[in-house]
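Me: I would like a close look at a single part of this protein, set in the context of the whole chain. Please treat the part itself before moving outward.

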Amino acid sequence: MSAVARDDRTTAVAATSGLGEAALRGQAIYEKGVSLAGGTITAVFGSPPVAIDAAAMPCVGCHGGDGRGRSEGGVVPSDITWAALTRPYHVTTEKGRRRPPYDEALVKRAVTAGLDSGATPLDPVMPRYGMAERDLADLMAYLREMRTRRDPGVAPDRLVLGVVLGDRSQPPDYLRGVRQIAAAFCADVNGRGGIFGRMLQPEFLALPADRGRWKEVLGAFLVRRRPFALIAGTTAGWKSEIEAVVAETQTPMIAGMRHFQGQAALPERHLFYVLAEPGDLVRGLVARAAESMRAVPTAVLCAEGEMPLGRLAVTACRQAGWEEPPLLVALETEHDGAAAARSLEEKGVGLVFFLGGGDGHPGEAALLGQAVAMSWRPKVYALGSRARPELYRQAGAFADLVLAWPVPPRPQAWERHRDYARLMRERGLPRRLEAAQVMVLASLTLLQHALLDCGRRVSRERLVEALERCYDCEIGYAPPVTYNPNRRVGSRRVFFSRYHPEGGKMTDLGMIALDADGRLEMNTETP
């Protein structure tokens with residue numbers, strides 16, 4: 001990361017955290033042993049002295065997130081909060097060492113030379129840190145604020161949550177439905193005493209229909225409302241700039257499903273997703289088909305804007321041992337669709353991965369109509385959440401229609417769901433839930449689980465650590481979720497169903513799970 005990028009990111013975090021920019025840089029030194037100013041920081045310890053990267057021995061490891069120290073292995077680190085260091089009288093430590101008050105210069109000497117305020121050598125287990133004067137000044141700025149600050153949105157009696165409803169191009173009933181669910185969940189938690197005495201205070205944001213303004217509007221919301229964390233039903237359709245704002249401000253966010261990002265790097269550590277993303281569903285479809293159809297001429301169909309997802313499907317087929325690489329066809333206009341159907345039928349294509357592209361792509365409808373007119377009957381494997389109504393209406397013309405889902409495809413009888421039944425009864429919620437509402441419930445339930453794990457001393461960093469400890473956590477509204485420092489998608493399970501056009505019903509075809517690299521980890525398929 002360049003120095004300019006580091007400064008921009010520090011400014012963004014400062015605008016929402018309440019810390020000054022120097023203190024924010026100092027926080028990175030204290031908690032991670034890294035210099036956001038681009039300097040080198042070393043930790044020197046032992047006899048003879050050995051210098052290592054300070055990231056391996058940051059201050060927080062011994063002194064804790066609050067600076068009060070945590071006893072470990074017989075070592076009792078000092079309380080290094082500014083109030084404790086600068087008490088205006090002599091202090092006797094737990095080991096009987098007596099010292100006068102510190103001032104900033106003496107604290108700097110203790111950090112770099114290992115001498116206390118009375119010039120007595122500190123315990124040898126305490127590293128001596130080497131860093132530039134600017135980094136040392138930043139660390140002092142953070143130590144001054146460490147015990148007196150709280151993360152944004154944290155008050156003794158409340159916790160402010162930002163709930164992103166969606167954008168205003170969506171129907172008003174959709175936005176109202178998501179808001180109703182989130183408000184009812186928070187009211188229910190508050191009615192039972194909150195979380196360790198803190199009431200959940202939801203602040204709602206509907207993004208503008210103009211996507212070019214999303215980054216600006218979300219940034220202004222974070223500065224104005226200063227939420228502790230963000231909740232969203234889905235980031236599908238969001239521009240990557242939205243997640244960039246969240247990452248730049250280090251605001252934890254839990255969302256139901258992530259938009260497809262191709263072969264992008266691991267997401268920022270503050271972003272957590274509940275369900276498998278579209279790329280996982282595509283990998284699952286290919287794994288499902290690979291057992292019996294690798295020799296069948298295959299095509300991958302998608303809208304022009306979904307070509308990265310289409311290329312992923314082609315790559316997955318190659319890796320799964322397809323005898324011939326699948327044809328990749330972009331559908332945009334009616335002519336594209338009709339021509340593609342004729343061409344694929346002539347080439348003997350018997351398996352189609354239909355990845356969809358949402359509304360507004362007439363090429364999909366034209367292909368389906370032409371396929372019916374020609375009596376072309378391939379097997380169709382599709383993403384259930386993206387399947388257009390025409391696909392279901394024309395399903396009888398195909399040899400098979402198999403759908404992949406991030407959740408079990410069975411209709412949920414929410415009135416019989418223990419937690420939701422009570423919300424429905426006590427908060428007047430509807431019997432029928434839309435997918436976005438379910439995802440908001442799942443995200444809020446996961447947040448509640450992590451906050452309970454944090455305890456009363458809640459912070460953004462402790463929340464991230466609590467989420468990273470989740471292993472097969474049951475959140476009720478979604479499959480069990482697992483996270484760790486290298487995993488930010490909670491469930492990588494892909495569920496399958498077969499659509500029966502004669503009765504308009506689905507039958508379950510089992511489930512597979514993918515590992516962190518998108519490879520098949522567990523297979524419970526049903527023939």
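How many of the 8 residues of strand S17 (residues 493-500) are buried, and is the strand largely enclosed by the rest of the structure or open?

Reply: The model is a predicted one. Within it, strand S17, which spans residues 493-500, has 6 of its 8 residues buried, so the rest of the structure largely encloses this strand.

The pairing of S17 may be taken next. With strand S16 (residues 400-405), S17 forms an antiparallel pair over 4 bridges. One position of this pairing is given by alanine 404, whose bridge partner in S17 is phenylalanine 496. Strand S18 (residues 505-514) is also antiparallel to S17, and 7 bridges join these two strands. Here serine 497 has aspartate 508 of S18 as its bridge partner. S17 and S18 form a hairpin with 4 residues between the strands, and in this hairpin glycine 504 adopts a positive phi near 65°.

A helix residue also meets this region. Glycine 284 belongs to helix H10 (residues 278-293). Leaving aside residues up to four places away in sequence, glycine 284 touches Val494, Phe496 and Ile512. Phe496 is thus a contact of glycine 284 as well as the bridge partner of alanine 404. Glycine 284 and isoleucine 512 are 228 residues apart along the chain, yet their C-alpha atoms are separated by 7.0 Å. The relative accessibility of glycine 284 is 0%, and because buried means under 20%, this glycine counts as buried.

Another covered strand is S10 (residues 253-257), in which 5 of 5 residues are buried. In contrast to the antiparallel pairs of S17, S10 runs parallel to strand S9 (residues 229-232), to which 3 bridges join it. S10 also pairs in the parallel sense with strand S11 (residues 271-275), over 4 bridges. Alanine 255 of S10 takes part in both pairings: it is the bridge partner of alanine 232, and it stands opposite tyrosine 273 in S11.

The nonpolar interior gives a wider setting. The largest nonpolar core has 54 residues, and Val274, Tyr420, Leu446 and Leu463 are those with the most contacts inside it. Helix H16 (residues 435-454) contributes the most to this core, with 12 residues. Another core lies apart from it and has 31 residues, including Ala289, Leu312, Ala316 and Leu351.

Elsewhere in the chain there is an open sheet of 3 strands, in the order S2-S1-S5 and with antiparallel pairing. Its edge strands are S2 (50-53) and S5 (128-130), each of which pairs on one side only. On average, neighbouring strands of this sheet are turned by 30° against each other, direction ignored. Strand S1 (residues 42-45) pairs with S5 in the antiparallel sense over 3 bridges, and alanine 43 stands opposite tyrosine 129 in S5.

The loop between S5 and H6 holds alanine 132. With a relative accessibility of 39%, alanine 132 counts as partly exposed, whereas glycine 284 counts as buried. The C-alpha atoms of alanine 132 and glycine 38 are separated by 9.9 Å, and these two residues are 94 apart along the chain.

Helix H6 (residues 133-145) itself packs with helix H5 (residues 104-113): the two axes come within 11 Å and cross at roughly 115°. The crossing of H5 and H6 is right-handed. From H5, the contact is made by Glu104, Val107, Lys108, Val111 and Thr112, and from H6 by Glu133, Leu136, Leu139, Met140, Leu143 and Arg144. These contact residues divide into 6 nonpolar, 1 polar and 4 charged.

Finally, the chain as a whole may be considered. Its secondary structure comes to 17 helices and 19 strands. Of its 527 residues, 52% are buried. Among contacts between residues at least 6 apart in sequence, 60% join residues at least 24 apart. The pair of glycine 284 and Ile512, which touch and are 228 residues apart along the chain, illustrates such a contact within the surroundings of S17.

How values were computed:
Residues are numbered from 1 along each chain as its sequence is written. This is a predicted model: local features need pLDDT of at least 70, side-chain atom pairs count only at pLDDT 80 or more; totals for chains, interfaces and linings use all residues. Side-chain values use heavy atoms; hydrogens and water are left out. A nonpolar core is a set of buried Ala, Val, Leu, Ile, Met, Phe, Trp, Tyr and Cys residues joined through side-chain atoms within 4.5 Å. Buried means under 20% relative accessible area, exposed over 50%, partly exposed in between (1.4 Å probe, protein chains only). Axes are lines fitted to C-alpha atoms, for helices over the stretch in contact, and angles run from 0 to 180 degrees between N-to-C directions. A crossing is left-handed if the near helix is turned anticlockwise from the far one by less than a right angle, and right-handed if clockwise. Contact means heavy atoms within 4.5 Å. Ala, Val, Leu, Ile, Met, Phe, Trp, Tyr, Cys and Pro count as nonpolar, Asp, Glu, Lys and Arg as charged, and the others, Gly among them, as polar. Two strands pair if DSSP finds at least two bridges between them.
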